[in-house]
Amino acid sequence: MTNRKGKIDFLQGNDAIVEGAILAGCRFFAGYPITPSSEIMESMAARLPLIGGVFVQMEDELGSIAAAIGASLTGVKAMTATSGPGFSLMQENIGLAIMCEVPVVIVNVMRGGPSTGLPTKASQADIMQARWGHHGDGEIIALAPWSVQECLDLTIKAFNLAEEYRTPVIVLSDAILAHLREVVRVPDPEEIVIVERKRPEVPPEEFLPFKANESLVPPMATLGKGYKIHYTGLSHDERGYPTDDPENYKKLIERITAKIRNNVEKIASWDMKYIEDAEMILISYGSSARAVLQACINARKQGHKVGFLRLITIWPFTEELIKKISENVSKILVLEQNTGQVLHLVKEAIGNRAKIYFYSKLGGEPFTPHEILEQIRRILK
Amino acid sequence: MKVSPIRKYLREERLPTIFCPGCGLGIIMNATLTAIDQLKIDINKIVMVSGIGCSGRIPGYIKVDSLHTTHGRAIAYATGIKLANPELNVIVFTGDGDTGAIGIGHFIHAARRNIDIKVICVNNLNYALTGGQFSPTTPKGAWTYTSPYGNIEGFFDLCELAVAAGASYVARWTVREVYNLINSMKKALKKKGFCFIEVVSPCPTNFGRRNKMETSQKIINFFKEREIKVKDAKGLSREELRGKLIIGEFVDRELPEFTETYNELILVSQKKFKEPEKPGLAWIELEIRY
């Protein structure tokens, strides 16, 4: 730590996301104002011109995501940021980015919904929208930071994953993290690993834009370089040409889902504490996990053998990990600020192997360690 | 045998097209490629973007970098492409549904920014690929599957919208005026700014058949009977223009272009910046005009 360069700063989550994005190489931002994500856009408007990047305020969120995808096709790392209502509007074009395999980062600062809901207060209710919001099949990658530092770190990771897997990646922040100010270490650019998309290694006449090797991720040509690629949201063959051939469609969908599903272990990350002797495990993620960890520590002080698992990668869901940790515990408590979304995934992974409890808090106020401790004691009684 | 100069631009392995016999899309594709060929624009630096509908299929037949995007969003995708790489010539093909209905926001906002994108809007007077429903440009009284008692809605004049929003160049032709269309396209391709060319085009399969104009020729005659030049339409009252199809150049003007102004903004942000003496930034006048 002492050898490392970088600088210490005191930032809110929204600004940390901007720091992370710029460090990751983001040079294009398109957005539309929405609470509680607007600071990301404001900060981008000020910062990007200074480094020769492009900021554009679009006419709506449909346009924002479309412009970001368009920019990415020119070889630029591009991003947009929004909150629930805007995230809903982006879904159709997120589907296009999945289908055409375009790297793009979407920050969704979660607030209470449905509809206008609680614009200034937090929720964790867009977990399923992040995965299933677009129509049709397809996989997605979604990361959930729990601190301002992680807002920065995971935004860098989001860009790297987007480039590596040629896919949209969603950062699921929330209204608490957005405006929470914490000490952050902004790393020096030299310390960071940056992943760039694979480029074609053959001349245009030999290049098949949607033919992948065993990685299942095809190299990506840049617009204007003579490759003359046709991108379409229609089912397409390896040349990129539309076709409704059933076999071809099956092959395409299987590949774009497998390129992520087959790499769950590589993509997924989590934070685990006090698991070894645990009789009950608390599963949480995002800003909620902060109070959960404190409650876990307090419970252990009182002699309860409680473990802590925080999901950092929400999608793809780490089913194997959940199965594994449930082998030695009889009880699992899922905590989230919604009416039960990750809960469903945990249930599916665990089946009858452990008893699953759920504690939620709606209304935008954060969990307190005290109320969680009460739940733990009630369950263990 | 003489080979057409535009043949080299086609993805021949994809032919024949899905276009119906008598459709105007082939003429429009031909006119676009002829303009590109005559201007000798580097095809490697052209990106064609389209939305959804019959017109959305055009870029897929041309050997060029191209995007066939979502319904109505082509201009928004094009905005991202042009801003991220202003060296590219970005041509958008849209239809009357894309431009006049689901994507009208992107259309007028791109015109407001005056971003250097060339939009070719194929107005075939109905939603054709979905089987023939009325669109925002369907003539009043026309029969479509969703106006089975005659269309009672008013229509958008897309060219007037583009002019009002601030486009650099706006023209309307029917597929009848191929040479005018090619010339307009050449003007647009050379111009720096948002250019909008509406091409009124026959759809015999859906619009025509249901309105007693079952051949392309009959629809083109219908256009011909109603055409009036922009200059002849000037000064005529709304009543006098009822049922007329105004063709020609609506506007051809020099206005600041968005990517160029954005590059100035980059320089300003990087401290080639004078303290403003009046409200607003010194390099851009504070302007209000309604």
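1. Let's start with a helix pair in chain A. The axes of helix H1 (residues 13-24) and helix H2 (residues 38-47) of chain A come within 8 Å and cross at roughly 45°. Keep in mind as you look around that this is a predicted model. H1(A) and H2(A) are therefore oblique to each other, and the crossing of H1(A) over H2(A) is right-handed.

2. Who touches whom here? On the H1(A) side you'll find A:Asn14, A:Asp15, A:Ile17, A:Val18, A:Glu19, A:Ala21 and A:Ile22, and they meet A:Glu39, A:Ile40, A:Ser43, A:Met44 and A:Arg47 in H2(A). Sorted by class, the contact of H1(A) with H2(A) has six nonpolar, two polar and four charged residues.

3. Now over to a pocket, the second largest one, with a volume of about 990 Å³. It has 27 lining residues, and the closest to the pocket's centre are B:Phe155, B:Leu241, B:Arg242, B:Gly243 and B:Lys244. If you want to find the place by eye, those five are a handy start.

4. Which elements of chain B each supply at least two residues of that lining? Three of the names to look for are helices H5 (158-165), H8 (216-226) and H10 (238-241). Strands E6 (195-200) and E8 (245-252) of chain B do so as well. As for the make-up of the lining of the second largest pocket, twelve residues are nonpolar, five polar and ten charged.

5. Next, some backbone details. Most residues other than glycine have a negative phi, and most peptide bonds are trans. With that in mind, have a look at the bond joining A:Gly113 and A:Pro114: it is a cis peptide bond, with omega about 0°. A:Pro114 sits in the loop between strand E5 (104-112) and strand E6 (118-122) of chain A.

6. Chain B has a cis bond to show you too, from B:Leu15 to B:Pro16, where omega is near 0°. Where is B:Pro16 placed? Look in the segment before helix H1 (25-39) of chain B.

7. Then there is phi. A:Lys228 is not a glycine, yet its phi is positive, at about 50°. You'll find A:Lys228 in the loop between strand E9 (181-186) and strand E10 (230-232) of chain A.

8. In chain B, the residue to check is B:Lys40, with phi near 55°, a positive value in a residue other than glycine. B:Lys40 belongs to the loop between H1 and strand E1 (46-50) of chain B.

Methods. Residues numbered from 1 in each chain as written. Chains lettered and ligands numbered in written order. Predicted model: local features only at pLDDT ≥ 70, side-chain atom pairs only at ≥ 80, totals over all residues. Heavy atoms only, no water. 1 Å grid on protein atoms, 1.4 Å probe; cavity = no way out; pocket = protein on both sides within 12 Å on 5 of 7 lines; lining within 4 Å. Points joined across faces, edges and corners; volume = space filled by probe spheres on them. Helix = DSSP H or I, 4+ residues; strand = E, 2+ residues; numbered from the N terminus. Nonpolar A, V, L, I, M, F, W, Y, C, P; charged D, E, K, R; others polar. Axes fitted to C-alpha atoms, helices over the stretch in contact; angles between N-to-C directions. Parallel < 35°, antiparallel > 145°, perpendicular 65-115°, else oblique. Left-handed = near helix turned anticlockwise from the far one by under 90°. Contact = heavy atoms within 4.5 Å.
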